[in-house]
Amino acid sequence: MAGKTLYDKLWDAHLVQQREDGSALLYIDRHILHEVTSPQAFEGLRLAGRKPWRLDTNIATPDHNISTDREERAAGVDAIPDETSRIQVKTLDENCESFGIREFKMNEMGQGIVHVMGPELGASLPGMTVVCGDSHTATHGAFACLAHGIGTSEVEHVLATQCLVTKKMKNLLIQVDGELGAGVTAKDVILAIIGEIGTAGGNGYAIEFAGQVFRDMSIEGRMTVCNMAIEAGARVGMVSVDDKTIAYFKGRRFAPTGEMWDRAVSYWRTLQSDPDAVFDKTVVISGSDIVPQVSWGTSPEMVVPVTGSIPRIEDEMDPVKRQAIEHALKYMGLQGGSPVTSIPVDRVFIGSCTNSRIEDLRAAAAIAEGRKVASTVKQVLVVPGSQMVKAQAESEGLDQIFIEAGMEWREPGCSMCLAMNADKLGAGEHCASTSNRNFEGRQGSGGRTHLLSPAMAAAAAIAGHITDVRSLKQGSMA
Amino acid sequence: MKVFSVHKGLVAPMDRANVDTDMIIPKQFLKSIKRTGFGPNLFDELRYLDEGQPGQSGRERPLNPDFPLNWSRYQGASILLARENFGCGSSREHAPWALDDYGFRVIIAPSYADIFFNNCFKNGLLPIVLNENIVSNLFCEAEQNPGYQLTVDLPRQRLIKPDGEELSFEIDPFYKQCLLEGLDEIGLTLKQADTIRAYEAQQEIRCPWLFHAIK
């Protein structure tokens with residue numbers, strides 16, 4: 001019999017019941033809740049007179065539509081200016097209070113974007129099944145969790161039963177061998193992968209990212225990669241456990257200690273695909289060929305190397321794709337054939353569950369240090385992913401580097417990644433953004449998003465247009 | 001959950017690939033704490049010429065005359081024809097809630113994003129997968145014939161065209177059962193409470209650290 005993949009092992013370890021019709025009951029170890037996709041689930045529980053199955057597996061925090069402005073945040077939940085946002089955040093507080101769920105409140109240490117605060121608190125740990133009503137839950141796969149986004153009906157189902165009714169996915173191996181060049185980051189790797197396999201390439205699959213490039217990558221970099229598995233269509237993206245994984249969790253707030261830690265570690269070390277494991281599909285990419293990436297269009301697969309040009313409609317033969325390119329060029333206000341570095345930038349956003357961890361901020365600060373934001377750029381938002389990231393960055397003086405460069409240092413939250421709060425683009429504005437989606441209107445109605453790495457975003461802020469970060473001399477921090 | 005068995009309805013086209021859930025229901029409407037009322041804001045940015053805000057009445061807003069759902073021939077449509085990878089992006093269940101609230105009962109496309117596909121079944125909405133060429137033909141027929149209707153027979157897994165031609169489609173038996181009977185999934189799972197508890201007891205021996213409370 002063939003060996004098991006990492007996904008097979010995690011699936012088997014959490015299988016409560018396999019049914020004849022192909023569906024299964026899968027046990028959930030950690031459920032993370034936020035204000036946007038949970039209110040209807042709590043209401044459903046109340047209407048049916050049901051209680052959470054296990055309170056202690058749930059953890060909650062507000063992130064999607066809270067303000068990132070220092071004064072507005074300091075004024076507290078009751079002072080959130082937008083009434084619907086205020087009701088939503090208060091509803092989360094009330095639901096957590098009445099059901100007894102541990103919530104890290106808006107201004108409490110520990111609060112942050114769900115996929116930043118979960119790992120840094122050790123609330124999500126290797127080998128766990130982790131779900132959240134948010135498609136970027138795959139982030140937690142970076143340390144061998146079986147983690148994925150769910151809808152609100154499933155949020156209610158997990159609250160009530162601790163299980164998910166689901167079907168097993170297929171296995172996809174994405175192997176990136178070799179070494180990355182200078183100035184090429186985790187974000188560039190995942191954007192290049194999405195460009196290669198397409199935004200539906202991973203539909204129906206759980207992806208395992210393997211190869212030298214991921215072995216060399218930090219846990220934070222692996223989180224950036226797994227975070228965007230969904231942009232390749234896959235709900236799940238994973239990397240197996242190694243020494244870096246173990247070291248990352250040692251001493252985290254909710255990580256086990258003492259003898260329990262040793263037992264956990266010996267189990268975590270088994271979280272690898274067997275050498276003879278069989279994958280349904282394999283994609284191999286050479287790491288040394290990857291250069292910094294930039295998205296030009298309105299789907300994450302519409303991505304080109306920074307050295308490249310915006311595609312021309314006439315070069316595409318497939319009619320559906322042609323139509324997509326035509327739509328995208330029109331929406332983005334771009335000319336096919338022009339170099340991607342010719343795109344001017346109106347605003348810059350450094351943040352989101354993809355790129356708001358301390359390493360991301362260090363990378364951006366290394367470019368910003370001793371430089372000034374171009375006069376044509378209206379705003380540069382730097383939004384740390386959590387209260388802990390914010391505190392760490394401030395202790396390293398990164399906030400001062402950003403402020404001196406002419407950037408705004410904000411409070412933690414999802415911010416301009418999806419523009420549910422006041423941080424948004426105006427119609428027609430181009431934004432160099434470290435977030436994960438460049439859909440039409442995603443960052444504000446009519447806004448035009450260019451996805452790239454934190455270093456590339458900082459470089460765009462300085463240059464006033466998309467630019468190759470490798471052409472900038474790094475500051476003293478590099 | 002709503003029961004789905006046989007449905008006959010008007011077909012409307014949404015002729016673009018990779019329609020994402022931000023497009024189906026933009027983020028400003030996600031601030032609602034209800035499951036209903038999203039219909040007027042379905043495809044908001046494509047449907048209206050101004051920027052929509054929660055709580056605003058759709059009737060006074062300027063409609064985009066180029067958007068098919070605004071055309072009189074597609075008023076009352078309940079079957080949406082779509083292209084590949086429909087519903088990609090965010091996991092927001094507000095997307096199927098908006099489609100349902102607008103009046104759609106069926107979507108027909110060559111493929112769907114996984115989370116959206118799953119969310120449809122939780123809301124009595126049937127996402128049918130058909131081969132790309134067949135979907136392209138349906139687009140042509142719906143566009144060429146005003147008032148084009150299809151009958152969807154879920155028990156027999158058939159799509160019946162106006163001329164009587166039948167197309168068969170595949171559906172997962174579990175999902176089919178849920179739609180046909182309008183099953184309460186939570187109620188069903190809770191019938192397995194003893195099995196879940198037995199799993200927990202075993203798992204607590206294997207991985208005791210998973211049973212340490214978050215405090």
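A residue counts as buried if 20 or more other C-beta atoms lie within 10 Å of its own, and as exposed if 12 or fewer do. The exercises below apply this criterion to a predicted model.

**Exercise 1. Helix 6 of chain B**

Determine which residues of helix 6 (residues 173-181) of chain B are buried, and establish how they are placed around the helix axis.

*Solution.*
Step 1. Applying the criterion to helix 6 of chain B gives Tyr175(B), Cys178(B) and Leu179(B) as its buried residues.
Step 2. These residues lie on the same side of helix 6 of chain B, because the arc they cover around the axis is only 95°.
Step 3. The face turned away from that buried side carries Pro173(B) and Glu181(B), which are exposed.
Step 4. The cover over the buried residues includes helix 4 (114-121), strand 4 (126-129) and helix 7 (185-190) of chain B.
Step 5. Just after the helix, Gly182(B) adopts a positive phi of about 60°.

**Exercise 2. Strand 5 of chain B**

Assign the residues of strand 5 (residues 149-153) of chain B to a covered and an uncovered face, then identify the strands to which strand 5 is joined.

*Solution.*
Step 1. In a regular strand, side chains alternate between the two faces of the sheet.
Step 2. In strand 5 of chain B, Leu150(B) and Val152(B) form the covered face, whereas Gln149(B), Thr151(B) and Asp153(B) form the uncovered one.
Step 3. Strand 1 (residues 6-14) of chain B runs antiparallel to strand 5 of chain B and is joined to it by five bridges. Within this pairing, Gln149(B) is the bridge partner of Leu10(B).
Step 4. Strand 6 (residues 158-160) of chain B is also antiparallel to strand 5 of chain B, with three bridges between them. Here Arg158(B) is the bridge partner of Asp153(B).
Step 5. Strands 5 and 6 of chain B form a hairpin with four residues between them, and Gln157(B) in the turn has a positive phi of about 55°.

**Exercise 3. Strand 3 of chain A**

Establish whether the faces of strand 3 (residues 30-33) of chain A are covered or uncovered, and describe the pairing of this strand.

*Solution.*
Step 1. Arg30(A) and Ile32(A) on one side, and His31(A) and Leu33(A) on the other, are all buried; both faces of strand 3 of chain A are covered.
Step 2. Three bridges link strand 3 of chain A to strand 6 (residues 129-132) of chain A in a parallel arrangement. His31(A) stands opposite Val131(A) of that strand.
Step 3. Strand 4 (residues 58-60) of chain A is likewise parallel to strand 3 of chain A, again through three bridges. In strand 4 of chain A, Asn58(A) is the bridge partner of His31(A).
Step 4. Together with helix 2 (residues 39-48) of chain A, strands 3 and 4 of chain A make a right-handed β-α-β unit.

**Exercise 4. Ile290(A)**

Locate Ile290(A), classify it as buried or exposed, and list its contacts beyond its neighbours within four places in sequence.

*Solution.*
Step 1. Ile290(A) lies in the loop between strand 12 (281-286) and strand 13 (293-295) of chain A.
Step 2. Ile290(A) has 23 other C-beta atoms within 10 Å and is therefore buried.
Step 3. Its contacts, apart from those sequence neighbours, are with Leu180(A), Val184(A), Asp188(A), Val189(A) and Ala192(A).
Step 4. The C-alpha atoms of Ile290(A) and Leu398(A) are separated by 28 Å, with the two residues 108 apart along the chain.

How values were computed. Residues are numbered from 1 along each chain as its sequence is written. Chains are lettered from A and ligands numbered from 1 in the order in which they are written. This is a predicted model: local features need pLDDT of at least 70, side-chain atom pairs count only at pLDDT 80 or more; totals for chains, interfaces and linings use all residues. Helices (H or I, at least four residues) and strands (E, at least two) are DSSP runs, numbered from the N terminus. The arc is that of the directions from the helix axis to the C-beta atoms. Two residues are in contact if their C-beta atoms, placed from the backbone, lie within 7 Å. Two strands pair if DSSP finds at least two bridges between them. A crossover is right-handed if, with the strands pointing away from the viewer, the path from the first strand over the helix to the second runs clockwise.
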